[in-house]
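User: Please take a close look at one part of this model, the charged side-chain pairs. I would like a single connected account of them.

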Amino acid sequence: MDKGFPQKKVLSLVLCVAVMLSVMVMGAGAAFSDQDKIENTEAVDACVALNIIGGYEDGSYHPERNIKRSEITKMICVALNGGKEPNVSTNTTPTFSDVRGTNAAWAEGYIESCVAQGIVSGVGGGRFSPNGNVTGSQLAKMLLVCLGYDAGIEGFVGNAWATNVNVIASQKGLYEGLENMDTSAAITRDNAAQMVWNALNAYEVEYKTTIITGADGKLETIVTVQDKIGMDNKSKITALEDWYDVSKLEAVVVANEYGSLKDGSALKEGKTSIVITSENNKDIAYNISDATTYDFTTSLDMLGKSIVVFAKDSKTVVGSVTSSDNNVVVTTTESLDKDDWKDLLDSNDLSVPAKVQISGNYGKAAEGTDPAGNKAGVETTLIDNDDDGTVDFIIQVQSYLGKVTKYNTSGQGAINVKTADGKTLSYSDQDDVVGFADVAKDDYVIATEVCGTLYVNKAETVAGDLTAYKTNSSLTVNGEKYSVVTYNSDPSKVDSDLKTAADYGSASTLNKSATFYLDNNGYVVAVDSTTSTTGNYAFVWGVEQAKFKGDYEVKVTLSDGTTDSYVLADKAGSIGATMGAKSGGGYEYTSTNNDYGNGSKASAENHIYTYSLNSAKTEITLEEIAANEITSATSKAFTFTKNKSSITADNMTLYGDSSTVFFNVKYKDNGTDIDKVEVYTGIKNAPSIEESSINSILVSSGSSKDAAAVVTFKAEASANGEYLYIYKYVETTDDGCVYNAIVDGKIVEGLKSNDSTQVPNGVYEYTVDADGLYDIGDAPDKTATGYVTKKTGDSLFIDGNGTEYTVTSSTNITNIDGSDVSVQSSVSEDDYVVLVYDVSGNDYNVTGIFVIQEQTDALGDLLTALETAKNGDTVTFSGPLPASGVAIPANVTLTIEDAQTIAKLEAIEGKDSAKLTLKEASSDQYSSNSTKFYTKSDTAVASGSAIPADTYTLGSGKWVGTVQ
């Protein structure tokens, strides 16, 4: 029987965890200040840990810099000496003339040592060029010699040396990970570390000499190169093993920070427990009780598998931890009977012993018997970790459909999930819940517990007609076949509306619409056949007679935010089955629901229905919503406040949540044609609406007060305090303009809007539509723009505005200097700012401050311009002047665009013949006659007067104007 079993399926739990096999090199890595610029992180960390290469005094690594010839000699000498500083010496007469007595004198001993070993040579003329760069081929030659290659025998000298080096270097894996590197160019510190690390993991070589008798009867000597053999006369030796005296361990992972086959208790972060099965290729009897905990990290899916690690002891692990080639792993989620199970084993050359270690959800493994089958939906992984054909571990991962019954983000966070096996999973710390931020209260989720950690993700759904079924095997939805879970699961314990998938199919459910919930492997875990399926709604724009076969065509906006036209299906029970022309044009359908129609006829246009699409997504089935679940209000008051649960239309109040779908119908200027339908999912995403007289529709979930869907017509929506600051336009895509912006005090680059009309930089209210696109609105009503004239404690004053604004601990402050944007914690006097605030009684509380120009930047620019100004130059300045420090050179004009205080103007100093042009009069008046500013007639500006707008020239300590 050819079942076509896959050799390995993706482990969905591991996808959920999203952790990869990571590397722990003698601790936690180097963590340089420019770590993000390092590409070959594993190699750099390893070489640093092995004392081969280091960083700079300022904490940086500078991966982009080139390696010097002097530097590489030290790296090689240290590596050959096992990471310790070698005892090197210099010759009485130096070999090279350009080393001793130069800035490279420190490297003379390393250079002489490498020369003596044939690793490096000079550049000719008795010179070494210690500060010259090293090319990739040159470094490869040095490392190959270190591995035991003879440069003369292998042709590493002469005109073809580079070609010969590159061939062997590629064969030995020295260029692994460096395939795009130009070997003839200078090698960077980043790539040099990778090549050295590749060499350390390569096998050393040795030469074998064989004397044979040739065809002519004469003796011939044959020299061949081969991988070096260890003392056991069978194992090969890597440079890392030889130079650093570490043990090569092959071991089985039995516990880590994610799970534990040993005792069911996960370890601390960065720890892994292993059972060593081989040390330096010598086998050791396996016993799980002999596990030793080491300081390195492994992922969840490595439990039960063999790894290879180089270590001196449990605290000193050298290099990368890799999965062993001995692992044979087979994972299935399919329903398997005894014969299927045997086929699975046979096709992978595996057998299960009479007693085998079995683990549930990566918890404590216990001795059990061959399960001889599998329940559909259970992830069963067979692990043969020594490639002997015998399964060593069976790991069964069981997930359940659940519903989030409690969700709290305050404090440490908390969540309760009611699952289909009748349990309630309660966690009081969101750090113990993977996926916590991705779910909300009342969400249906797939829940998996692993050693004290809960993994949750929102269950995927498929909506449509059941077109075929096979009990305990499959359900076919809109022509696509889905397997069903067959393990013990009762989704009615999660919600009474949910049905068990395995036996859902029947004559009564065939060709009926439903929502099918899927687990992480795509198996159906539950079915909801109720009409009012949450989120499965369509708003109808209009209906027209199609041009073919007399079908009707309907234009709709769906709850996923898409708008399109479909052929209207005429299935029994749908509105398409009773559609007909009405007098005066248009189309009606015969309705059994008289609550929103006239008599026995109801218009299909401008109304909401539940829907399903066919598999080709060309045909739509629209069904009426039960009369007790829908309420229409015509020309009545409507109130909803963003992120608040209550939704009131006339005297009817429902309560929304994260799944409530809002349709806001916008009309063109003529007031009759629909322009667009905005769709929002969840009360935190929908905009506030407060209208005294609009049309609206409320849809409840069953007979409850929970709001499933809301439709509003011609309503003005408000973002209700949600605002952002756009500081850069990026591009325009098919969806709309893309910007860089500040949202809730955070820098968001590549923010996508739903409008292709570019808006200028500034602050705007916004909402987020069903596609996650930003709907950019108008500027908030409560904003203030200007210079900070005074800052006292938490109070700010803006010029030209007597209002006192209060900065609170929750105020977001952002500095915007062109594209150079940063979040900061303070604002200074004379900063030019945009404030967004709320009013509470007499208090003006600032929620956001956007600093457009900092006072320190403005002062620095002004002083630089004045210091560099030449005779006859004019320097122009806008904004508030600093309190002091401005000095104008002789014969240079300073033009000030904005009104300034008298105190700041009088603080301006300068050389005689300096000029000062004021475009605006001073912002205040003198309390007594001026002693610094004078009119053309040498008359002091009088008490009660402002300094006039004029051009003034400095002479004898007085600024004299040009007008009377």
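**Salt bridges**

Analyst: Glutamate 678 has a relative accessible area of 11% and is therefore buried, the cut-off being under 20%. The model is a predicted one. The side chain of glutamate 678 forms a salt bridge with that of lysine 676, with an N to O distance of 3.7 Å. Lysine 676, at 38% relative accessibility, is partly exposed, so this salt bridge joins a buried residue to a partly exposed one.

Another pair is lysine 403 and aspartate 495, whose closest N and O atoms are 3.4 Å apart. Lysine 403 belongs to strand S14 (residues 400-408), while aspartate 495 sits in the loop between strand S22 (480-483) and strand S23 (498-500), so the salt bridge ties together parts that are 92 residues apart in sequence. Both lysine 403 and aspartate 495 are buried.

Aspartate 295 and lysine 271 also meet through their side chains, in a salt bridge of 2.6 Å from N to O. Aspartate 295 is in the loop between strand S6 (292-294) and strand S7 (306-313), and lysine 271 is in the loop between strand S3 (247-256) and strand S4 (272-279), so this pair connects parts 24 residues apart in sequence. Aspartate 295 is partly exposed at a relative accessible area of 21%, and lysine 271 is partly exposed at 23%.

Salt bridges also link Lys172, Asp227 and Lys236 in a network. Over the whole structure, the search finds 11 salt bridges.

Technical notes:
Residues are numbered from 1 along each chain as its sequence is written. This is a predicted model: local features need pLDDT of at least 70, side-chain atom pairs count only at pLDDT 80 or more; totals for chains, interfaces and linings use all residues. Side-chain values use heavy atoms; hydrogens and water are left out. A salt bridge is a side-chain nitrogen of Lys or Arg within 4 Å of a carboxyl oxygen of Asp or Glu. Helices (H or I, at least four residues) and strands (E, at least two) are DSSP runs, numbered from the N terminus. Buried means under 20% relative accessible area, exposed over 50%, partly exposed in between (1.4 Å probe, protein chains only).
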